[in-house]
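Thanks for coming. I will keep this short and walk through one structure, starting with the ligand and then moving to the place where it sits.

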Amino acid sequence: MNRKILIEKAQQARKRAYAKYSNFQVGAALETDGGKIYQGCNIENASYSLTICAERTALFTAIAAGERHFKHLVVATENGVSPCGACRQVIWELCGDIPITIVDKEGNTIETSSSELLPKAFGKQDLDS
Ligand code: THU
C-alpha cells in the first residue's frame with residue numbers, strides 16, 4: 001500500500017472523530033500485512049474516562065475483524081503529536097515493532113516506530129521469564 005494513501009486514510013478518519021469534550025480530533029489508519037486498511041478515530045464520552053483513542057479504535061477494530069499482522073500505522077492530529085502512553089503499550093502488544101507515521105493537518109510527517117515510542121517495553125516475554 002502506498003504511504004500517501006495510508007496518510008490520507010488517517011486524515012479522513014480524523015474528520016469522523018467524536019470529540020465533543022476536548023475538540024481534539026485524532027485519526028488513525030492501520031495497514032495489515034495483507035494490505036487492508038483499518039481506520040479509527042477518538043470517541044469521547046461525557047463520562048470522560050470511557051474515551052477511547054483513535055489508535056486503539058483502529059487496532060481493536062482490526063483485531064475484532066480477525067487480523068493479527070500489521071505493518072504500518074499512521075496517526076493524524078492537528079499538530080502532529082505522538083500517541084499517548086496507553087496507546088503505545090497497546091500498539092506494542094498487537095503490532096510489535098512497526099513503523100509509525102505521525103502527520104499534522106498540513107501534511108507534515110514524522111517517521112518513528114513502536115520501539116522508539118516505547119523503549120524497554122513490558123510485554124508477554126516478561127510474563128514468561
Ligand atoms: N487521543 C487520541 O485519540 N490518541 C492519542 O494518542 C492521544 C489522545 C484523544 C483522546 C481524547 O479524545 C483527545 O485525544 C484528547 O485527549
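**The ligand and its pocket**

Around the ligand we find Ser22, Phe24, Val26, Asn42, Glu44, Thr51, Cys53, Ala54, Glu55, Pro83 and Cys84. Please keep in mind that this is a predicted model. Sorted by class, that shell holds six nonpolar residues, three polar ones and two charged ones.

Now the polar contacts. Glu55 uses its side chain: a polar atom there is 2.7 Å from an oxygen atom of the ligand. With Cys84 the backbone is involved, and an N or O atom of it lies 2.8 Å from a ligand oxygen. Ala54 also takes part through a backbone N or O atom, at 2.9 Å from an oxygen atom of the ligand. As for cover, the ligand on its own has 370 Å² of accessible area, and the protein covers 78% of that.

Next, the site itself. Where does the ligand sit? It is in the largest pocket. The volume of that pocket is about 180 Å³.

How many residues line the largest pocket? There are 15, and those nearest the centre are Phe24, Val26, Asn42, Cys53 and Glu55. Each of these five is also in the list of residues around the ligand. By class, the lining comprises nine nonpolar, four polar and two charged residues.

To close, one residue to look at on the screen is Glu55. Its side chain has a polar atom 2.7 Å from a ligand oxygen, and Glu55 is among the lining residues nearest the centre of the largest pocket.

Definitions and conventions:
Residues are numbered from 1 along each chain as its sequence is written. This is a predicted model: local features need pLDDT of at least 70, side-chain atom pairs count only at pLDDT 80 or more; totals for chains, interfaces and linings use all residues. Side-chain values use heavy atoms; hydrogens and water are left out. A residue is near a molecule or strand if one of its heavy atoms lies within 4 Å of it. A polar contact is a pair of N or O atoms within 3.5 Å; within protein, one must be able to donate a hydrogen and the other to accept it, and residues adjacent in sequence count only if both atoms are side-chain atoms. Accessible areas come from the Shrake-Rupley method with a 1.4 Å probe; for residues, only the protein chains shown count as cover. On a 1 Å grid over the protein atoms alone, a cavity is a set of points where a 1.4 Å probe fits but cannot get out, and a pocket is an open set with protein on both sides within 12 Å along at least five of seven lines; lining residues have an atom within 4 Å of a point. A molecule sits in a cavity or pocket if more than half of its atoms lie within 2 Å of its grid points. Ala, Val, Leu, Ile, Met, Phe, Trp, Tyr, Cys and Pro count as nonpolar, Asp, Glu, Lys and Arg as charged, and the others, Gly among them, as polar. Grid points are joined across faces, edges and corners, and a volume is the space filled by probe spheres set on the points.
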